[in-house]
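This report is meant for a reader who has not seen this structure before. Please look over the sequence and the model first.

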Amino acid sequence: MATVGESQSSRTSRGGESEATPVARRGFDATRVWIFDLDNTLYPADCNLFAQVDQKMGEFISRYLGVPFVYARHLQKTYYRQFGTTLCGLMKVHRMDPKPFLDYVHDLDLSVVREHPELAAAIDRLPGRKLIFTNGSRGHAERVAGKLGVLQCFEGIFDICDAEYVPKPTASCYDHFCRAHGVEAAKAAMFEDMPHNLEAPHALGMTTVLVRSDTNHDSPVQQAIRAWVEPPPHVHHVTFDLAAFLEGVRPPSTAVEVNAQPVSLPRKGLQP
């Protein structure tokens with residue numbers, strides 16, 4: 001167990017093995033702004049909503065450019081790697097109006113997303129402000145957070161339109177977010193499912209939490225995470241269960257033991 005705000009000089013692996021690390025991990029004593037990514041963070045990755053988004057992006061590109069679906073998928077992945085999001089590539093290369101794209105790819109079947117009252121209660125108990133920061137659209141965030149039963153927990157949403165279509169992990173996107181919502185980075189914590197999206201928050205002085213999943217084993221990002229022996233310096237905490245992790249976070253004036261084992265890292269990698 002580790003107290004909130006303590007440097008995580010030792011941790012317990014998922015299998016119970018104790019592991020030492022020289023990296024000082026930021027805690028939550030000063031945290032008064034709690035910032036959550038949406039997709040595969042607030043809702044679990046095993047909902048697999050992105051499979052729907054992925055398919056719809058290919059369909060939209062195929063129709064918009066008049067190219068075969070296979071070639072549209074190639075462009076989709078190329079633009080994602082080159083520009084950070086497929087949308088950013090389509091806008092820069094093809095001068096596409098983003099609104100029809102966002103409306104189409106976020107028209108999803110949300111029946112796979114279940115209400116999560118434990119998560120809502122855990123977020124409500126956090127001291128301070130709560131915000132959603134997503135590369136998706138505001139409408140998508142509102143629908144998904146509403147289906148989860150957590151929308152009422154948040155005072156605001158910062159979406160890709162608010163970011164002027166400059167996505168995470170671009171450093172200027174985080175600067176824009178902080179200015180727009182008056183966030184002091186040293187008093188903020190960022191929750192994300194993509195490690196590279198935590199590099200800029202770490203550099204700004206935020207506490208960072210990677211929300212992991214055993215889903216999507218074949219993705220390059222998940223393969224890289226499973227190869228870790230310990231998290232990189234920009235990832236201060238790792239959890240497989242966001243609600244349980246947040247349950248362990250208490251204001252400094254109350255009981256402060258973290259009971260969610262925020263980092264779960266076997267010595268020889270992250271395979272469960």
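What follows describes the pockets and one helix packing in this predicted model.

**Pockets**

The table sets out the two pockets.

| Pocket | Volume | Lining residues closest to the centre |
|---|---|---|
| Largest pocket | about 1300 Å³ | Asn40, Phe50, Tyr80, Asp193 and Met194 |
| Second largest pocket | about 290 Å³ | Pro44, Arg212, Phe240, Asp241 and Leu242 |

A total of 45 residues line the largest pocket. By class, 18 of these are nonpolar, 18 are polar and 9 are charged. Five helices each give two or more residues to this lining: H1 (49-65), H2 (69-83), H3 (86-94), H4 (98-105) and H9 (220-226). The largest share, 6 residues, comes from H1.

The second largest pocket is lined by 18 residues. Its lining divides into 9 nonpolar, 5 polar and 4 charged residues.

**Packing of H1 and H4**

Two of the helices named above, H1 and H4, also pack against each other, at an angle of about 140° and with their axes 9 Å apart. Angles over 145 degrees would count as roughly antiparallel, so H1 and H4 are oblique to each other. Their crossing is right-handed.

On the H1 side, the contact is made by Val53, Lys56, Met57, Glu59, Phe60 and Arg63. H4 contributes Pro100, Phe101, Tyr104 and Val105. By class, this contact has 7 nonpolar and 3 charged residues, with no polar ones.

Conventions: Residues numbered from 1 in each chain as written. Predicted model: local features only at pLDDT ≥ 70, side-chain atom pairs only at ≥ 80, totals over all residues. Heavy atoms only, no water. 1 Å grid on protein atoms, 1.4 Å probe; cavity = no way out; pocket = protein on both sides within 12 Å on 5 of 7 lines; lining within 4 Å. Points joined across faces, edges and corners; volume = space filled by probe spheres on them. Helix = DSSP H or I, 4+ residues; strand = E, 2+ residues; numbered from the N terminus. Nonpolar A, V, L, I, M, F, W, Y, C, P; charged D, E, K, R; others polar. Axes fitted to C-alpha atoms, helices over the stretch in contact; angles between N-to-C directions. Parallel < 35°, antiparallel > 145°, perpendicular 65-115°, else oblique. Left-handed = near helix turned anticlockwise from the far one by under 90°. Contact = heavy atoms within 4.5 Å.
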